[in-house]
Amino acid sequence: MPRYRSLFRTPEFGPLFLGSAAQTAAQTVGGLALATLVYRATGSPLLSAVSMFGPSLAQVLGATFLLSGADRLPPRTALTAIALVFAAGTAAQALPGLPVGAVFGVVLVLGLVASLGGGVRWGLLNEVLGKDSYLPGRSLFNMMSGLMQITGFATGGALLAALSPRVCLLLSAALYLTAALVLRLGLTDRPPRTAGRPSPSATWRTNALLWSSRPRRLTYLGLWLPNGMVVGCESLYVPYAPHAAGTLFACGAFGMFAGDVTVGRLLPRAVRRRLATPLLLLLATPYLVFWARPPLPVAAVCVTIASVGFGASLVQQQRLMDLTPGGLAGQALGLHSSGMLTMQGVGASLAGAVAQVTSPAAGMTVMAAGSVCVTLALATAGRRSPVPVPVLESAGARRGRRRSSGRPGRSSGGARPGRA
């Protein structure tokens with residue numbers, strides 16, 4: 001397996017990495033500020049959770065209508081435009097006197113735009129690094145995400161103690177602008193990976209092809225459902241500990257970082273392949289302790305231990321890539337990202353609804369128990385699945401590859417695996 005240091009010698013990896021880091025920092029600072037702003041204005045755990053994770057709910061619409069653009073748009077242009085839209089939307093949320101309904105309207109728009117981002121980014125990473133280096137590259141991105149979330153939530157918590165949530169949203173918008181500049185200047189103007197225009201019909205056809213395999217379906221469900229329910233637990237940090245939510249988010253990010261380092265770098269492939277179910281169980285079970293409403297130090301330990309389980313996504317993504325045609329890399333990764341984020345939004349909404357009628361601690365416990373049950377059910381179904389056969393590219397993908405043969409930068413690459 002290539003060393004992390006060698007990845008930065010690959011052209012374009014550095015700018016893509018730095019631009020994604022700036023976007024992750026913007027998302028953490030802005031998300032915490034927006035959830036705090038909404039909670040102070042409404043006192044509602046449900047609205048607070050949806051404001052922070054609501055963009056994820058719109059991912060299902062993007063996955064249905066827009067996802068074909070992941071392979072059919074120039075990556076540099078698409079990534080730069082997405083960062084600029086987020087900068088504008090985040091700045092708009094900071095406007096004084098903006099009604100809560102308008103805030104959620106902006107959240108919906110940003111979710112639709114974000115549905116394209118995962119497929120474009122991870123498809124480009126697969127193209128830049130190639131099959132053999134994708135897994136360590138994705139692991140490094142996950143580690144970066146964990147570190148930036150630790151920094152972002154800790155910094156965001158400190159900023160919210162000294163500044164207003166609206167000022168923090170403006171700082172988040174500035175970080176999105178920085179990401180757009182890094183991506184525009186650092187990436188090569190590559191052509192789309194697949195010929196043709198993005199369209200809803202192209203999106204539906206490819207999604208149907210990806211969904212047609214039972215082993216792939218189970219892998220997608222394993223990536224989406226347990227993760228989404230546990231993020232529902234995370235969405236209640238603000239109402240559970242209004243003055244220390246940043247601490248809990250930072251502990252969760254540290255645990256995720258530790259899990260990604262262990263799974264992505266320290267464990268051999270033969271061991272790693274057997275750990276998906278144990279890691280998913282680890283992801284949920286510590287949250288069952290919240291039924292007793294533990295004090296902040298105990299809650300922080302539980303959150304840190306549980307978040308190590310997010311390393312399961314690397315194992316599952318590697319399996320997804322083993323089952324996926326190379327020409328469908330961008331859309332397959334985009335479907336994973338959009339579905340995962342959609343279920344995170346659903347999980348946050350369900351957790352907020354339970355907390356609204358009971359308590360944040362009860363909402364976290366219910367979602368954790370659901371995640372454990374789903375993980376065990378999927379593990380049982382997976383043991384009954386037939387051994388997967390090698391996958392073949394669709395006719396459309398072959399035609400697109402023939403049209404683009406001989407043109408530099410059009411190679412679709414191979415396999416790829418994260419939590420975004």
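Let me start with phenylalanine 86, which in this predicted model is buried, with a relative accessible area of 12%. Its ring has a partner in tyrosine 176, a residue that is also buried, at a relative accessible area of 6%. Phenylalanine 86 lies in helix α6 and tyrosine 176 in helix α9, so this pair ties together parts of the chain that are 90 residues apart in sequence. As for the geometry, the two ring centres are 5.3 Å apart and the planes stand at 40°, so the pair is classed as tilted.

That is one example, and how many aromatic pairs does the whole structure hold? The search finds 14 of them. Let me take another, formed by phenylalanine 8 and phenylalanine 17, where the ring centres are 5.3 Å apart and the planes meet at 80°, so this pair is edge-to-face. Phenylalanine 8 counts as partly exposed, with 42% relative accessibility, whereas phenylalanine 17 counts as buried, with 12%. Both of these residues belong to a cluster, in which ring pairs link Phe8, Phe13, Phe17, Trp122 and Phe141.

Please keep tryptophan 122 in view for a moment, as its ring also meets charged side chains. The charged end of arginine 138 sits over that ring, 3.6 Å from its centre, and the charged end of arginine 121 sits over the ring of tryptophan 122 as well, at 5.7 Å from the centre.

This brings me to charges that pair with each other. Side chains of opposite charge can pair when their charged atoms come close. In this model the search of the whole structure finds three salt bridges, and I would like to go through them one by one.

In one of them, glutamate 12 pairs with arginine 190, and the closest N and O atoms are 2.7 Å apart. Glutamate 12 is in the loop between α1 and α2, and arginine 190 is in the loop between α9 and α10, so the salt bridge ties together parts that are 178 residues apart in sequence. Are these two residues buried or exposed? Both glutamate 12 and arginine 190 are buried.

Arginine 190 also forms a salt bridge with glutamate 127, with 3.2 Å between the closest N and O atoms. Here the loop between α9 and α10, which holds arginine 190, is linked to helix α7, which holds glutamate 127, and the two residues are 63 apart along the chain. Through shared partners, these salt bridges join Glu12, Glu127 and Arg190 into one network. Glutamate 127 counts as buried because its relative accessibility is 11%, and the limit for that word is under 20%.

In the remaining salt bridge, aspartate 189 pairs with arginine 76, and the closest N and O atoms are 3.9 Å apart. This pair links distant parts of the chain too, with aspartate 189 in the loop between α9 and α10 and arginine 76 in helix α6, 113 residues apart. Aspartate 189 counts as partly exposed, at 49% relative accessibility, while arginine 76 is buried, at 15%.

Finally, a word on the cysteines. A disulfide is a covalent bond between the sulfur atoms of two cysteines. How many disulfides does the search of the whole structure find? It finds zero. If you look at individual cysteines, cysteine 168 is buried, with a relative accessible area of 0%, whereas cysteine 373 counts as exposed, at 53%.

Notes:
Residues are numbered from 1 along each chain as its sequence is written. This is a predicted model: local features need pLDDT of at least 70, side-chain atom pairs count only at pLDDT 80 or more; totals for chains, interfaces and linings use all residues. Side-chain values use heavy atoms; hydrogens and water are left out. A salt bridge is a side-chain nitrogen of Lys or Arg within 4 Å of a carboxyl oxygen of Asp or Glu. Helices (H or I, at least four residues) and strands (E, at least two) are DSSP runs, numbered from the N terminus. Buried means under 20% relative accessible area, exposed over 50%, partly exposed in between (1.4 Å probe, protein chains only). A disulfide is a pair of cysteine sulfur atoms within 2.5 Å. Rings of Phe, Tyr and Trp (its six-membered ring) pair if their centres lie within 6.5 Å; planes under 30 degrees apart count as stacked, over 60 as edge-to-face and the rest as tilted. A charge sits over a ring if NZ of Lys or CZ of Arg is within 6 Å of the ring centre and within 35 degrees of the ring normal.
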